[in-house]
Each structure stands twice: as C-alpha cells, then as structure tokens.
Amino acid sequence: MNEKSSIDFHPVTVADKPLFEYYTFSSKEQNCDLNFANIFCWSDTYHTEIAEVDNSLVIRFDNGGAKCYMQPFCIGDKALIVERLRQDAFSQRVPLRLYGLSREWREFLEKTYPDEFAFDTPRALCDYIYRTEDLARLQGRKYQPKRNHINHFVTRNDWYAEPLSKANIKDCIALNKKWLQGREVGEMEQAEQRALHRAFDNFEALGLRGLVLYANGAPAAFSYGTPINNDTFCIHIEKYDAEVQGAATMINRLMAQSLEEEFEFVNREDDLGLEGLRFAKISYHPIALLEKTSALHLTAEQCEMRKMWHEIFGDEIHEIDSFLINHSDSIPLIHKENGEVVSMLYIVPLEVVCKKVAYIYAVATKPEYRGRGIASNLLTKALRVIRASGRFDTAALIPSSTESKRLYARLGFEDTQMPMEFPANDYLGTGSVPHDLAMTINF
C-alpha cells in the first residue's frame, strides 16, 4: 500500500478559481498549462488535484498512470515545496516529475540540486506568445496575407459577430460537430472534446470570454479563453468552418480586438508538434516561444547511469535526459561491483510495424570491466525479463559494431535487419534511418 501523503490534495472544482487567481494574477507566468480554466476543463482526463501548502499552490495529475506535478505557485520557500512534493511522490511509489517549469524554476533546480534532475524542453510544447496589438491590427507587409484573407471574407459574406453567451453556445456546439466530420478522432481529440463541453457547461463560473462569428446566418467560427494573469489572455479553443474562407483569420482578429484594451499579450498555446498547426501559429509572427521544461528527479543509480552513458557513447546530457523523461516506461538493468554501476542497459517498450517490441538500448560496460562476460549476463537477464513479462512479440537491438553483432548472435539474436522507425528527435537508434536495422528474437 502507498504511504499517506503529507499533502492534503483534493480534486479541482470551479470553487477553486479564486484560490488560483490569488496565486496566478500576482505572478508573471504566461504558461497556458497553469491557467485555471485549462486545468479544470482537462481535469477529467488528467484527474487533477490541488492543494495549498506552505504558502504555495501545488497541482498533481495523472500521466500514463503515474502521479506527476505541475510547477508550483510558490510565495514561500521553493526548496521546502520541492521536498514536500518529493515526499508525496515517494508516498505514491513514483519519482518526482515536474512539468511546465519556467526558466527561473529550472535554474533554481539546477543550482539547488546539481545533477539530481533530468530536464527536457520539447519544442512541441512551447507556447506561442503574441502582442495583442499585432493580432488586432495586422499592420505591415508581413501581415498582408492575413489582411487578404479578411478582405475575402468581408466582401463575400453577410457577417456579424457577437460575444459568446449561453444563448449562442448551441451554435458553437453545432459548428464543432461540423468541424469534427471527416476527422480522425483519437484519444487527444476525444479529451479536447470533453474539455470543450466542460467549458460550455461551466461557462459563467469559469468566466469564459469569447466571440461567435456568423456568415450568411450560420455560425462560421468561435473562439474563447480566459486570462492567465493581469496582462496575458489565453485562447483555449478556436474552431471554424473550413468551407468559409477567411473565417479562421477573421475570428482571430476580432478576438484580439476585443482584448486589446485590457491585455498586452495573447497566449495561443502550443502546437503539439503538428506541422499544419505549427505553420499556422508561426504565420501570425509570435514575439516569443515560451519554453516549458519537464524535470525528473533521478536516483543515485540513474545519475551513475547517465554519467556512464555520456562518457561511453558521447551523447549530450540533454539527449540522455530527454530519453529518461520521455521513456519513463523503460526498464533499466544494471550490474554493480563494489557499489558502483559498471554495466547497464534499458528495455524500451515500442510498437514497430504493428509488433510489440522490447527494444534493448544503451547497452554499455565500463572499459575496465569488459571481457568478463558482464554484458552477456546482463543481456541474458534482459531476455528473461522480457519473456517473463508476456508483453512482447519481439526483442530487438541495433548492433553498433561487428563485434557486438557476434555477441548478440551468440545470445540467439538473428540478423533480420528489421527497420526501426523511431519518432523524430527521440534520440533512439543511430539517428540514421538506413542504419537503424535491428537484430531480433521472436517469441
């Protein structure tokens, strides 16, 4: 059983909005993930909980079945809050994982806990920050394409816009339903739909602000959001009818115009690494990409493994950290002598060509311990672990040399040259698709 946490978390509710505003509106945070409406509307998906402790607001949520934490809103002692969260994570039998960290928080952790945390700042999660004035006025040559889209919309449609209200939410729901037609709806899209309907169901309590754009009597676009702090407004959702040319550009501008007198900046959230969405957000010329860092507190053994990985393979620390954070389901195996990690590997669960693959990665032994069969024994142990799990169709690894290929062959791996298609920037394999050909054992 898990030990009882020292922090009294409770599920987030609309009644927590004043508490959030007490901490957030006095801050300069522009991170969309720390916005109350976002946290509340997505809380069904992430089972979000909050607590106030030691002059700080802390946020806990589920990610892949494990408890994680957002950057705390801390008025008091940061080190004390980190320790409280570390103890809470320990009570959940998980390492401390922090998400949405600002540069200031990352620098604090690096200085206060040198080499104890792994960090990752993925480009796909950067928020796009714009000057409200730029989006409202669209001045200058760089915005000429946007003005053209708006002129096209204005001259071809009998249009008007009105504030989002209880009376027109039904039109937004109808437009959203049309927007969904023909689209592939995966888990994230389903989660977004839950968040959207939760926002509409709690429209007044959340203080949503938005606009609905009509063209020729029918809804053509809608947009809504809430403030993050006193000078930054966050756009949570923007939907439009793709058949009405210029509707997306028009709703974007109208929203900015409605905010221009109150907010200096608009946060239009991240692009999730989607190429089309990235192009669209860049086309509005953000003034900044707000970095959001993830951090993982490492055990002493993980710190040893990271150092050995860096020394043997020459990979950059940020590449190793990215692996540690983004492959939290991987299984590390080590061999120790005299209390020191001298050999290591990771078993990484992957799906390759519709097969469940146990990818054996980062097999390494310190030079002074080689030639004693340590790596062979560790690989044999890995195969036992993989077979015993019953989760995998295949074990795979990519040989780095002729010598390693001979070693793997002796252990039963066949040189099938199965292509391993790794996600971009995942720091797996060799980094060269033609060379990422695996030896395998099928079960």
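This report describes an open sheet with its packed helices, and then two nonpolar cores, in a predicted model.

The sheet is open and has 6 strands in the order β16-β17-β18-β19-β21-β20, with mixed pairing. At its edges stand β16 (331-337) and β20 (414-419), and because each has a single partner strand, one side of each is left without a neighbour in the sheet. From one strand to the next, the twist averages 30 degrees. Within this arrangement, β19 (residues 394-397) and β21 (residues 437-442) run antiparallel and are joined by 4 bridges, and T394 has N442 in β21 as its bridge partner.

Two helices are in contact with strands of the sheet, as the table sets out.

| Helix | Strands touched | Direction |
|---|---|---|
| α15 (residues 374-389) | β16, β17, β18, β19 and β21 | about 35 degrees with β17 |
| α16 (residues 402-410) | β18, β19, β20 and β21 | about 10 degrees to β21 |

Turning to the nonpolar cores, the largest has 32 residues, and those with the most contacts inside it are F20, I59, L164, F200, F222 and Y224. When its neighbours within four places in sequence are left aside, F20 is in contact with V12, F25, L34, F36, I39, I50, L57 and I59. A second core, separate from the largest one, has 28 residues, among them A118, W309, F323 and I398. As a general background to such groupings, nonpolar side chains in soluble globular proteins tend to be buried together.

Key: Residues are numbered from 1 along each chain as its sequence is written. This is a predicted model: local features need pLDDT of at least 70, side-chain atom pairs count only at pLDDT 80 or more; totals for chains, interfaces and linings use all residues. Side-chain values use heavy atoms; hydrogens and water are left out. Two strands pair if DSSP finds at least two bridges between them. Helices (H or I, at least four residues) and strands (E, at least two) are DSSP runs, numbered from the N terminus. Axes are lines fitted to C-alpha atoms, for helices over the stretch in contact, and angles run from 0 to 180 degrees between N-to-C directions. Contact means heavy atoms within 4.5 Å. A nonpolar core is a set of buried Ala, Val, Leu, Ile, Met, Phe, Trp, Tyr and Cys residues joined through side-chain atoms within 4.5 Å. Buried means under 20% relative accessible area, exposed over 50%, partly exposed in between (1.4 Å probe, protein chains only).
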